[in-house]
Each structure stands twice: as structure tokens, then as C-alpha cells.
Amino acid sequence: MQKTYFRYVLLVPALLILAATTIYPIAFAFVLSFREWKIAKSPTPGPFIGFENYQRAFSDANFWNALKVTSMYTVMGVGLAVGLGLAIALLLQKPTRASRIVKPLLIFPFAVSLALKGYSFRFMLVPEFGVLDRILDTLFPFVAELNWLAHPFWALFWMSVPEVWGWAPLIALMFLGALGSISPEIFEAAKVDGATNFELFWHITLPLLRPIIVIVTLLKSIFSLRMFDLVRTMTAGGPGRATETLNYYIYTVGFNFFDMGYASSLAVILAVLLSLFALLYSRVLLGGEK
Amino acid sequence: MSQAPIARTVSTENKAGNSENRFIKNFINQTGYYIALGLTVAFVLFPIFWIAITAFKQSIDVQSASLFFTPTLQNFRTIFSHPFNFAPLIYNSMVVGVLTVLIAIPLAVMCAYAISRYTFIGQDFLLIAILATQFLPPVVVILPYFIQFRNLGLLDSYTGLVIVNLSRVLPFTIWLLKGFIDTLPTEIEEAAYIDGCNELGVLRHVTFPLIMPGIATSTIFAFIMAWNEFLFALILSSTKTKTVIIGLVSVVGEQGVVWELMSAAGLIVMVPMIILAFSIRKYFVEGMTMGAVK
């Protein structure tokens, strides 16, 4: 191909907008994280205070709590989504007519807005007439007295369920794509050699799915680590601070307490944390091409 | 099939017993399979189904969680009238979504084509940087946006919402379209160059028609992202540009939620997006992972 400047004409408009809409705000937040600024008290940023906001973060019990909640939430959500996705994929792997009908339905939950997912599950868990609460109370009478979203552990668990509802079917579709490429003869041959179903799964299916498990785990972690919508619509961080994710904590510091400087420093910490995951993901993406 | 050699070795008596056992075993397996399939369908569709029927319930039927009730359209009448006024909110969401798409898609096509077809210094770094901006938590950029938009008078404006949506949609669609362009063989483009077509001509007349499925997929993804976007709209829009999602928040209110109204609003929020997602089901997985899983 000729050496012309056409490539830059193509690149520059998108990159300019990206720089203006992402790089600039990050830089702005970064600078702000070294300043004091309570926006309710003064309309302009206060003086530079060095690393004080960061020092404050590391001695802030609420920050550590938010970090713990976020990690627990991420591990739980990723584990449930990948596990359930795998189960659905193994179930639908057999090419029957029924599985062909079910497959297209699997993308429905993902299209539902997270905010609506949050409200819907909160509704279904209402103690007196929530339909999930009723079903669970009938199946397990000993939980009848439990108000799911008022219990520290169960609130966090249920907050991960709407996300798992959206992701697990999608993950199943990803697995199904990979499983479709195994030729049935491999299974037949292994069965003749006397392999059990578990051995088939462990030695044939699982190694084949490993690259997708890596991709999905990273991608789902990135989405879980920045969870805000479900906290806002299901629990508002409660009971106490049991479901207050880092994202939600930053939101309250910035928009309930109007402490822009401190909120910015927390945001920078979160951004650094997430960019590590993004870096890993990009290595998987770029590595796959070569 | 594989049991044949084993079956041959057993005596005739056992054979009869075996086939009966096998029949029962098959029956149990079949039943188990369909039960599991039924549970999967229930898991996937039940929340949608429940919101859909609740939207047509009266308060008393919501309180009893009943499956059988006389449907009513009252909830929709309520959310389309004062104070909820859903019609302008749908319009706002459409305007923000369409404007975002109209700006993002052409720019993303150009950028993705340049990255896929040309080489330049720092290409890998650029790709990673674009990806990193896509994964940036919205809460990180919302503080600066809020502060700057307040200074610029862009709070509660379409311009403001389109700008913030671009920050999410643009990196995503660049990666997605790059994936589509990467899969096209370069021979067709090379032939066009030999026929005397210039670079712009190749992009317009050769590549562009071939990546139409990719463009359609990214357009729909971008629109769904903008429509479902929550945090930005929550903070940056109020009376004039409130989107449907924020309308949903107002319907729910802070206490004493009227669940049948929430469901009616929810149905309006989700049904168009489910239809759109369904229309690109072939490319959905590829899109979601930005081409990592095909």
C-alpha cells in the first residue's frame, strides 16, 4: 500500500473525540485528587494538598470496607456466572430441536437495563408478596422469616443475582460456540476406551473451554468491579454498608457529601485497579490475533 | 453404537433385562434433560415474564402475587400522564441514542479501518489505550463531567448526554468494527487499487458494503448502550432531557414503591432493547467480547 496521510485523516477525528471525552476527564480527576475541594462550600477548587487525599483513603475504614465488598461481589458474581453458564452450555450442547429453540432466548436478559434488573429483583424479593421470596419460603420453610435484602450476606448475594442472570446465558452461548467445534468422534473414541463422563469433561471439554473461561472471567470481573447501577436500585449500599461497592462509595462521597477532591482520589485508585484488568484483557485480545 | 460389542458378550436372559433397564434409564435421562431445559428457560424468561404481567395488574393482584387476574391498562395510562409523562422521556432517550450513534459510527468505521488496514507507530499502544478507556469506571469521569458541564451550562442538555455517551460507545464500537474488518480478505481491496481506485474509493465502495453487518451490529449495540446508560443520565439530566431509565427511577421513588407502575415503565424500557438485541443475535457474543470470542 502507498504511503499517504489518508490513514491519519481516518484516525484523527475519533481519537480527538476520545481524548476530549475520556483522557481529559481522567487527567482532570487526577489533578483534582491532589486538591481539597468541598463543592458545597466553595464553587472553585481549593489548594493543592499533596497526597493527603490518598493518605485519607488508606486510613478510611469505609474505603477498605468498599474494597472488601467489591472483591466479594466480584468473586461471587464471576463464580456464579461462569459456573451456571457452563452448566447451561453442557445442557444445550446436544443438538436437539428443543436446544435450538432455547438458544436464541439466551440473549434476552442481557438486553434488559441494569437499573431495571435491580428494581425487578428487589420487587421479586419483597418479603410479603415478592414472587421469589414466596417460592423460596415454600421450598425452604426455615427461610420464611428472612428479609433477603436486609441481611448483610444475602443482600450482597442477591445483588449479584441480576448480573448473573444477564451474564450466565451469554457465557453459555460463548461456551456453546467453542463446544460446537469438538468433533463427536473424539467423545465416541474416548467412550470406547472406557472414559467416564467426568473424565470426558475434565480431559476434553474443559481444556477446550479454557481460553474462553479466561476471557469471560476478565470481562465479567471488569463489569462487576465497577458495579453501581444495582447498588443504587436494590440496596443503596445497605444494610449498613454491607453492599456498598467502591463505585457506590465514590458516588456518595462526591454527590452526597460533595467532597470532590477526596472522591477524585478514590476514583483514581479504582481506575488504576481496573486498568490492570483492562491490560490483561487487551493482552488476551491482541495475543489471539498473532 | 459403542455398546454393541459389550451387548454381544452377555447372555440372552441378561440382554432382555438390560434392554428394559436401558429403556427406564433412557426415560429418566430424557425426563431429566427436559426438566433441566425447562428450568433453564424459566431462569432466563421468568423475570421478564413477571415484570410483563405485573405491568397489567391492579394493586390488589400485585399484593397477592397471583398468576390469574383481570388485566388493566391503567398503569400505562398513569405513567404516560402527569407527573411521570413518559412520552417525552422516550423521545429524549431516542434523541440521545440516535445522535450518539450518528456521531460514533462513522468515526468508529474510519478509525477501525485505519487500525486494521494500515500500520503506524504506536499501533498496539493505541489499541490498548482505546480498550482501557472503554473499561474505565463511569464514576471516575462523572465528577469532572459534572464540574465542567456546570461551568459550560451543559447540565441537562442533549449535547452533554451525547458527549458522555460517546466516551463509552466510541471505544467499544472501534474495537467491534476492527474485528469485523480484520476478517475481510485484503485481496478484494488490492484488486480495487490495481483497477485504479483511490484509498477513499476503496473504503467507500469496497470495504463499506462488505462490513454492513458489522455496522448494523455496532449501531444496535451503541443504541442499546446509550438507552440503558444509568449513572451519567442520573447525574447530568433532570427536567428537560430526562431519559426513560431516569423516568424509571422517578416512578420507583424513594419509598413506598408502586410495583405495578415500575413494571409498566420497565416494560417500556426493556421490550424495544430485547427486540433490537434479538435482531443481532448472530453477532451478539462477538460484539459483547469485542471480537475475543467469535
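Here is a short back-and-forth about helices, cysteines and a leucine in this predicted model.

Me: Why is helix 8 of chain A called roughly antiparallel to helix 10 of chain A?
Reply: Helix 8 (residues 152-179) and helix 10 (residues 197-225) of chain A pack at about 150°, with axes 10 Å apart. Angles over 145 degrees count as roughly antiparallel, so helix 8 of chain A gets that label against helix 10 of chain A.

Me: And which hand does the crossing of helix 8 and helix 10 of chain A have?
Reply: That crossing is right-handed.

Me: What makes B:Cys111 buried?
Reply: Its relative accessible area is 0%. Buried means under 20%, so B:Cys111 counts as buried.

Me: Why does B:Cys197 count as partly exposed?
Reply: B:Cys197 has 26% relative accessibility. The partly exposed class lies between under 20% for buried and over 50% for exposed, so B:Cys197 is partly exposed.

Me: How many disulfides does the structure hold over all chains?
Reply: Zero. To count, a pair of cysteine sulfur atoms has to be within 2.5 Å.

Me: How do you know that B:Leu261 is buried?
Reply: B:Leu261, in helix 14 (residues 259-279) of chain B, has a relative accessible area of 10%. The cut-off is under 20%, so B:Leu261 is buried. Its C-alpha is separated by 9.0 Å from that of B:Leu248, 13 residues apart along the chain.

Me: What is found at the start of helix 3 of chain A?
Reply: A side-chain oxygen of A:Asp60 reaches to within 2.8 Å of the backbone nitrogen of A:Asn62. A polar contact needs N or O atoms within 3.5 Å.

Note on methods. Residues are numbered from 1 along each chain as its sequence is written. Chains are lettered from A and ligands numbered from 1 in the order in which they are written. This is a predicted model: local features need pLDDT of at least 70, side-chain atom pairs count only at pLDDT 80 or more; totals for chains, interfaces and linings use all residues. Side-chain values use heavy atoms; hydrogens and water are left out. A polar contact is a pair of N or O atoms within 3.5 Å; within protein, one must be able to donate a hydrogen and the other to accept it, and residues adjacent in sequence count only if both atoms are side-chain atoms. Helices (H or I, at least four residues) and strands (E, at least two) are DSSP runs, numbered from the N terminus. Buried means under 20% relative accessible area, exposed over 50%, partly exposed in between (1.4 Å probe, protein chains only). Axes are lines fitted to C-alpha atoms, for helices over the stretch in contact, and angles run from 0 to 180 degrees between N-to-C directions. Angles under 35 degrees count as roughly parallel, over 145 as roughly antiparallel, 65 to 115 as roughly perpendicular and the rest as oblique. A crossing is left-handed if the near helix is turned anticlockwise from the far one by less than a right angle, and right-handed if clockwise.
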